[in-house]
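Please look at the chain below and follow the explanation with the structure in view. The text moves from one loop residue to the domains and then to pairs of charged side chains.

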Amino acid sequence: MTVVIAGAGPTGLTLAIELARRGVACRVLDRAPTQFPGSRGKGLQPRTLEVFDDLGVIGAVLAAGEAFPPMRLYRGAEVVWTKPIYELLGLPELAATPAVPYPFTWLIPQWRTDQILAARFAELGGIIEFSTAVTGFEQDDDGVIVRTDRGPIRADYLVGADGGRSTVRKVSGVEFLGGALTEERIIVGDVRATGLDGRCCHLLTGDGDQSKRFSLWNLPGTEHYQLVVTMAPGEDPPALTLAGMQELLHERSGRRDVVLSDLRWISEYRVNLLMAQQFRMGRVLLAGDAAHVHSPAGGQGVNTGVQDAYNLGWKLAAVLVGAPDELLDSYAAERMPVAANVLQLSGALHRQGFGSTGPAPSAIHQLDISYRGGPLAGDGHGPGVLQAGDRAPDGLLSDGRRLFDVFRGPHWTVLEFGGAAVDFGVPQLRLAPGADYDVPAGSYVLVRPDGHIAAITDRPELIREQLGRCACLSRSRSGIAW
């Protein structure tokens, strides 16, 4: 059993960890000689932090980051205002509750997230094969021959997590439909800066016009800032050099006291909204930017890719040990609607910009993503708010543990709310009705390995039926009582 993963970014590494901790051999290939050096996708949303809790990396992620700093607008050297980003986007700010342990958007440069995930993969015995480019593939009923510039690899499945210019997607022939959101171009890079006080997203302007800002975000654990500049259509592009950025900063803000140095990485791109029309082509699957590309507004990119991988990993592992192949069809069925909604959300936030008085398009925390009505959402359309397909909330237990402590790992879990004791062959926990699970007394709640609810029912046979569809997932934990 082998899965080849093209791409060693957050999506590919999350998938690799998911497979490795289930004992599935995987080879992670990346055409680059080393890990990506830039801060690019720097915001982790609450749901992604929950995923990283399950993967065993939350301590390292929290230690290497910080809560998103406020935004500070300058008119020349004058501070016009300092506001939290949620207020500027017109979005509600979450509060910590037993059900939501990580209510904040976490600022951490992508290069550090990549390092943490790579270290976890290495703990599980994995190795990233750098300087190895996927050039093509052929598949048959029994597997995939993955063509690389170092020779062919025979695998059971191939997953393209190789970014917006995905070779896997292009070779598959899947259409990538959409287009440019606007004619604007965005410059992003990592640079040191002197002359600024406080940890903020510093919006430097000459006259307070935010559309002509030069942004410098403090990055935790480093002396670098992430610079972000939007170039309007027809505006002459600057040289993507330290001197070019210094001159553009002066043009935008009139300030020469803010001095840039040590340009570590820089890139220019146009904001596109694009989505693959298929996420699965037989034994070849797409995830992350290879499957969908959108605006960075709202910080959804890395997070959506991580959740693609989190959804796909347990399903791939299950099929490889005997679960029905149709289980993989549920990946696209569940994740394609999510990707489409993310494209709509990020586009709306991009058009809205900072300081809009218009209605907030949606939340950005991704805690409300649900697979209701999907192929794996069984019984559970009861009187409560919580339904099959929803995220299973966290909660505090009487012994000091959290529900997430019980969920953590590659297994299914059954929560029993006062019903008759039944051995389902997976980890189980008896709870009193109430708390953050508004389900009727006598209910059983079946929680999937990815923390979504598969069923809410008072009929044990329906829980067994749902588990039976993916029974191979439970073998390693069968008979354990929690």
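Which residues does P98 touch, not counting residues up to four places away in sequence? In this predicted model, P98 touches D394, G395, L396 and D436. P98 itself sits in the loop between α4 (85-89) and β7 (106-107). One of its partners shows how the chain folds back on itself: P98 and D436 are 338 residues apart in sequence, and their C-alpha atoms are 8.1 Å apart in space. P98 is partly exposed, because its relative accessible area is 42%, a value between the 20% under which a residue counts as buried and the 50% over which a residue counts as exposed.

Next come the domains. The protein chain is divided into domain 1, made of 3-66 + 107-179 + 273-361, and domain 2, which covers 390-471. Between the C-alpha centres of domain 1 and domain 2 the distance is 28 Å. Domain 1 brings 14 residues to the contact and domain 2 brings 15 residues.

The size of an interface is often given as the accessible area lost when the parts come together. For domain 1 and domain 2 this buried area is about 1,200 Å², and carbon and sulfur atoms give 48% of that area. On the side of domain 1, R47, D53 and W314 supply 40% of the area buried against domain 2, more than any other three residues.

What kinds of polar pairing cross this interface? The rule finds 4 salt bridges between domain 1 and domain 2, and it finds 7 residue pairs in polar contact across the interface. Helices α2 (46-55) and α8 (301-320) each supply at least two residues of the side of domain 1 that touches domain 2. Sorted by class, that side of domain 1 has 5 nonpolar, 1 polar and 8 charged residues.

Helix α2 can be followed further. It is mostly covered, with 10 of its 10 residues buried; among them are R47, F52 and D53. Just after α2, G56 takes a positive phi of about 85 degrees. F52 also leads to another helix, α5 (residues 110-123), where T113 lies. Leaving aside its neighbours within four places in sequence, T113 is in contact with L44, F52 and I108. T113 counts as buried because its relative accessible area is 2%, and a value under 20% is the condition for being buried.

Side chains of opposite charge can pair when their charged atoms come close. A search of the whole structure finds 30 salt bridges. In one of these, the side chains of R408 and D53 meet, with 2.7 Å from N to O. The pair links distant parts of the chain: R408 is in the loop between α10 (403-407) and β21 (413-417), D53 is in helix α2, and 355 residues separate them in sequence. Is each partner buried or partly exposed? D53 counts as buried because its relative accessibility is 4%, whereas R408 is partly exposed, with a relative accessible area of 29%. D53 and R408 also belong to a network of salt bridges that links D53, D394, R402, D405 and R408. D394 has already appeared, as a residue that P98 touches.

Other salt bridges can be set beside this one. The side chains of R448 and E334 meet at 2.7 Å, N to O. D257 forms a salt bridge with R255, and their closest N and O atoms are 2.8 Å apart. Here D257 is partly exposed, with a relative accessible area of 42%, while R255 is buried, with a value of 8%.

The last pair is D308 and R335, whose side chains meet in a salt bridge of 2.8 Å, N to O. D308 lies in helix α8 and R335 in helix α9, and the two are 27 residues apart. Both are buried, and for R335 the relative accessible area is 0%. What surrounds R335, not counting residues up to four places away in sequence? R335 touches F279, T304, Q307, D308, N311, I369 and Y371. For T304, the backbone oxygen lies 3.3 Å from a polar atom of the side chain of R335.

Technical notes. Residues numbered from 1 in each chain as written. Predicted model: local features only at pLDDT ≥ 70, side-chain atom pairs only at ≥ 80, totals over all residues. Heavy atoms only, no water. Domains from an automatic or database assignment. Contact = heavy atoms within 4.5 Å. Buried area = accessible area lost by both parts, 1.4 Å probe. Polar contact = N/O pair within 3.5 Å; in protein donor to acceptor, adjacent residues only side chain to side chain. Helix = DSSP H or I, 4+ residues; strand = E, 2+ residues; numbered from the N terminus. Nonpolar A, V, L, I, M, F, W, Y, C, P; charged D, E, K, R; others polar. Buried < 20%, exposed > 50% of the residue type's maximum accessible area, 1.4 Å probe, protein only.
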